[in-house]
Amino acid sequence: MRAGRAGAHSIQYNASMTGRGPIAIVTSEGGMKCAYSGGALTALTRLYPDFVPDVYVSSSGSVANMLYFLAGQANLLERAWTRFLASRQVIRYFPFPKFDLDYLVNVLFREIMPLDEERLNAAKTRWFVPVTDSDLGSTSFVSNESWLDPYEIMRAAKAIPFFSSGGIWLGSHRYVDGGIGTDCESLVDRAILAGAKRIILISNVSRSWGALAWPMRMYARTRSHAMRELMRKDAESIERAIEPHGVELIHLTPSYPLPVGLITRNKRRVAEAFHMGYDDFMAKRPEIERLLKP
């Protein structure tokens, strides 16, 4: 089933009305691989248009998916991933690789698809985003409780180190993509710390830098010792099975290897990843319904 064919399910759920504990959504990092979580969130919205999670933890390329979802604009995700993001304006290969954060945030997000900030600020969901201090090499979480500009949070969360020089200023510190300092287990732990008892985890499986491995290693040599160590650990890490004690968890992962990497610009492949996320979510519908029921 493709994303355009689904209608809303007749049963609607709201996390605040359930009795089995708070519900969280967790979406992992991955650059253009995050088209997968965009497809999954589109399916979630079309099945349960009134569902509001109590907690949302998102990293890197999935942060925009989260913010548009919480602003009630998940209908824009398919358009963003299949039309705008896989473009020469965002990703360039020659004469050297470039991920244009300024175009992405200032033009695509602010002008072409502006966030409904009023609705986002009114959302009852507590959300968290990891960012990494580019000078100290330490990763921490920012949230809607910090009252930072959501566009700048997206900019920092998507700042792949090699492409972002010294980092993006948030307050008095410079930050880069927090995905290099966190894995899915860390994101789930943050959701549990925020009180979640039921979690839908949407991940992209692979943490490999792929074609960016050499540039990322060269970039690491210019940073502090702490930052180099963090990037080394990220490159060598392997996702483990996540089975948190005392928490119900559904782990949604790609049904076959995603056809995209961190900076894939091929529209067909990105659209395939988006629709895979949509279809995989629909395939887990019975399990998800059981998780969401009061």
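## A walk around helix α10

The buried residues of α10 pack against four elements: α1 (35–47), α3 (77–84), β10 (248–252) and α11 (285–292). That makes α10 a handy starting point for a tour of this predicted model. Which residues of α10 are the buried ones? They are Val 270, Ala 271, Ala 273, Phe 274, His 275, Met 276, Gly 277, Tyr 278, Asp 280, Phe 281 and Met 282.

Before we look at the neighbours, let us check the helix itself. Helix α10 covers residues 267–283, which is 17 residues. At 1.5 Å a residue, the helix should span 24 Å, and its end C-alpha atoms are indeed 24 Å apart, so the expected span and the model agree. At the N-terminal end of α10 you can find a cap: a side-chain oxygen of Asn 266 lies 3.0 Å from the backbone nitrogen of Arg 268.

Now turn to the first neighbour, α1. How do the axes of α1 and α10 meet? They come within 6 Å and cross at roughly 45°. Because of that angle, α1 counts as oblique to α10. The crossing of these two helices is right-handed. On the α1 side, the residues that take part include Ala 35, Gly 38, Gly 39, Thr 42 and Leu 47. On the α10 side, they include Val 270, Ala 273, Gly 277 and Phe 281.

The next neighbour is α3. Its axis and that of α10 come within 8 Å and cross at roughly 155°. Angles over 145 degrees count as roughly antiparallel, so α3 is roughly antiparallel to α10. Leu 77, Glu 78, Trp 81, Thr 82, Arg 83 and Phe 84 of α3 make this contact with Lys 267, Val 270, Ala 271, Phe 274 and His 275 of α10. Within α3, the buried residues are Leu 77, Glu 78, Ala 80, Trp 81 and Phe 84. These buried residues of α3 pack against α10, and also against α1, α2 (63–70) and α4 (101–112).

Loops deserve a visit too. Gly 261 sits in the loop between β10 and α10. Is Gly 261 buried or partly exposed? Its relative accessible area is 23%, so it counts as partly exposed. Leaving aside residues up to four places away in sequence, Gly 261 touches Gly 30, Met 32 and Lys 33. Although Gly 261 and Met 32 are 229 residues apart along the chain, their C-alpha atoms are separated by 6.2 Å.

Another loop, between β2 (55–58) and α2, holds Ser 60. With a relative accessible area of 5%, Ser 60 is buried, because the cut-off for buried is under 20%. Again leaving aside residues up to four places away in sequence, its contacts are Glu 29, Gly 30, Gly 31, Ala 157, Lys 158 and Asp 177. What joins the side chains of Ser 60 and Asp 177? A polar contact of 2.9 Å does. The C-alpha atoms of Ser 60 and Asp 177 are separated by 5.7 Å, while the two residues are 117 residues apart along the chain.

Finally, step back to the whole chain. It has eleven helices and ten strands. Of its 294 residues, 55% are buried. Among contacts with a separation of 6 or more, 79% are between residues 24 or more positions apart. The pair Gly 261 and Met 32, 229 residues apart along the chain, gives you one such long separation to look for in the structure.

Note on methods: Residues numbered from 1 in each chain as written. Predicted model: local features only at pLDDT ≥ 70, side-chain atom pairs only at ≥ 80, totals over all residues. Heavy atoms only, no water. Expected span 1.5 Å × (residues − 1). Buried < 20%, exposed > 50% of the residue type's maximum accessible area, 1.4 Å probe, protein only. Contact = heavy atoms within 4.5 Å. Polar contact = N/O pair within 3.5 Å; in protein donor to acceptor, adjacent residues only side chain to side chain. Axes fitted to C-alpha atoms, helices over the stretch in contact; angles between N-to-C directions. Parallel < 35°, antiparallel > 145°, perpendicular 65-115°, else oblique. Left-handed = near helix turned anticlockwise from the far one by under 90°.
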